[in-house]
Amino acid sequence: MAEAVETMDGWYCLHDFRSIDWIQWKQATPEERKEAIADLTTILTEFETVEANKDGSHAFYQIVGQKADIMFMLLRPTMNELGDFETKLSKSKIGDYLIPAYSYVSVVELSKYRPYPEDVNPEELPEVKERLQPILPKWEHVCFYPMDKRRGDQHNWYDTDFKERAKLLYEHSLTGRKYSGKVKQIICGSFGFDDWEWGVTLFAHDVVQLKKIVYEMRFDDASSLFAEFGEFLVGNILTKDSVQAYLEI
Ligand code: 76R
């Protein structure tokens with residue numbers, strides 16, 4: 001039996017993808033649309049307050065392609081707060097025009113493949129805390145996809161020796177580091193929470209860097225031998241100030 005790795009788990013994470021019901025939206029009165037936009041603006045302002053108090057973080061993007069129109073990504077200390085957000089959105093006026101498209105529930109995760117000295121509790125280290133409770137970058141582009149590690153007859157991650165997995169992930173991290181400053185990754189574990197094992201969120205200033213990192217990583221043994229991927233969603237940032245122009249008819 002291969003040894004499991006211990007994980008450090010941080011803020012809970014909801015990726016909430018919605019399609020806009022454009023027909024209903026266009027049929028609404030200017031007053032109804034104004035109220036709905038005001039509700040959305042209030043929600044985004046509340047996000048900012050939570051983030052300023054370091055009680056969570058958020059990202060808000062327009063999704064390109066027909067899988068969804070917008071994505072809310074929310075990080076919160078408890079799963080309950082994620083549920084509360086969904087309910088609040090459904091009850092809000094903007095909620096009347098938002099059709100659920102896809103969602104993903106997970107928790108920010110770091111694995112302990114690298115040993116820490118025995119007298120150190122890594123979860124207390126500021127640099128680890130910062131990564132478990134990250135303030136999400138407000139970069140121009142986002143990419144989200146869920147993934148599994150393979151459990152095949154030939155290549156089975158969960159039957160691979162701990163040291164070998166640590167080596168494969170170290171090599172993987174070297175590819176990742178080449179994108180320092182260009183791509184920021186948030187890895188969330190979703191064992192027991194959702195249909196895949198991890199949710200990967202990547203942020204980039206230049207959208208083509210998302211393609212480049214995902215392509216280059218396909219050649220890392222950690223991915224080429226062991227990774228299975230779900231659907232990819234990609235998008236462009238929406239700010240509180242751009243919401244009006246985005247929704248205006
Ligand atoms: O946590 C660390 O920074 C240490 C090194 C590291 C680990 C342990 C690391 C670095 N990753 C780790 C674990 Mn990663 N990562 C992905 C994807 O598309 C693909 O092929 C895979 C999706 C990307 C793009 C990415 C980026 N990583 C993991 C794990 C958990 C495995 C487990 O625990 O069993 C997954 C699923 C995963 C997937 N990774 C990095 C990056 C980048 C950019 C880095 C470098 C970070 C830096 O040094 O700044």
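**Salt-bridge network in H5**

I started with the network: Glu164, Lys167 and Glu171 are linked by salt bridges. I keep in mind that this is a predicted model. For the Glu171 to Lys167 pair I noted 3.8 Å between the closest N and O atoms. That sits just inside the 4 Å cut-off for a salt bridge. Glu171 and Lys167 are four residues apart in helix H5, so about one helical turn separates them. I looked up exposure for both. Glu171 has a relative accessible area of 32%, which makes this residue partly exposed. Lys167 comes out partly exposed too, at 41%.

**Other salt bridges**

How many salt bridges does a search of the whole structure find? I got ten. I picked two further pairs to write down.

The first pair is Glu35 with Lys93, where the closest N and O atoms are 3.7 Å apart. Glu35 belongs to helix H2 (residues 30-52), while Lys93 is in the loop between helix H3 (79-91) and strand S4 (98-111), so this bridge ties together parts 58 residues apart in sequence. On accessibility, I have Glu35 at 32%, partly exposed. Lys93 is also partly exposed, with 42%.

Next I took Lys138 with Glu51, and here the closest N and O atoms are 2.9 Å apart. Lys138 is in the loop between helix H4 (126-132) and strand S5 (141-149), and Glu51 is in helix H2, so the pair ties together parts 87 residues apart in sequence. Is Glu51 buried or exposed? I found a relative accessibility of 16%, so Glu51 counts as buried, because the limit for buried is under 20%. Its partner Lys138 is partly exposed at 40%. I note that helix H2 holds Glu35 and also Glu51.

**Metal site**

Which residue is the only protein donor of the ligand's manganese atom? I found His172, which donates through NE2 at 2.2 Å. His172 is located in helix H5, which covers residues 162-177. My entry on the network also had Lys167 and Glu171 in helix H5.

**Positive patch**

I then looked at surface charge. Arg114, Arg131, Arg177 and Lys184 gather there in a patch of positive charge. Of these I followed up Arg177, which is in helix H5. Arg177 has 54% relative accessibility, so I list this residue as exposed, given that exposed means over 50%.

**Two distance checks**

Ser173 is another residue I looked up in helix H5. With a relative accessible area of 23%, Ser173 is partly exposed. I compared its position with that of Ala2: the two are 171 residues apart along the chain, and their C-alpha atoms are separated by 22 Å.

My last check was Val108, which is in strand S4. Val108 counts as buried, at 2% relative accessibility. How far apart in space are Val108 and Trp198, C-alpha to C-alpha? I have 9.5 Å for this pair, with their positions 90 residues apart in sequence.

**Recap of helix H5**

Pulling the H5 entries together, I have the manganese donor His172 in this helix, along with the Glu171 and Lys167 pair. Helix H5 also holds Arg177, one of the residues in the positive patch, and the partly exposed Ser173.

How values were computed. Residues numbered from 1 in each chain as written. Predicted model: local features only at pLDDT ≥ 70, side-chain atom pairs only at ≥ 80, totals over all residues. Heavy atoms only, no water. Donors = N, O, S within 2.8 Å, 3.2 Å for Na, K, Ca; no water. Helix = DSSP H or I, 4+ residues; strand = E, 2+ residues; numbered from the N terminus. Patch = residues over 30% accessible without salt bridge, like charges linked within 9 Å, V, L, I, M, F, W, Y side chains within 5 Å. Areas by Shrake-Rupley, 256 points an atom, 1.4 Å probe, with all protein chains shown as cover. Salt bridge = Lys/Arg side-chain N within 4 Å of Asp/Glu carboxyl O. Lys, Arg positive; Asp, Glu negative; His and termini not counted. Charge placed at Lys NZ, Arg CZ, Asp CG, Glu CD. Buried < 20%, exposed > 50% of the residue type's maximum accessible area, 1.4 Å probe, protein only.
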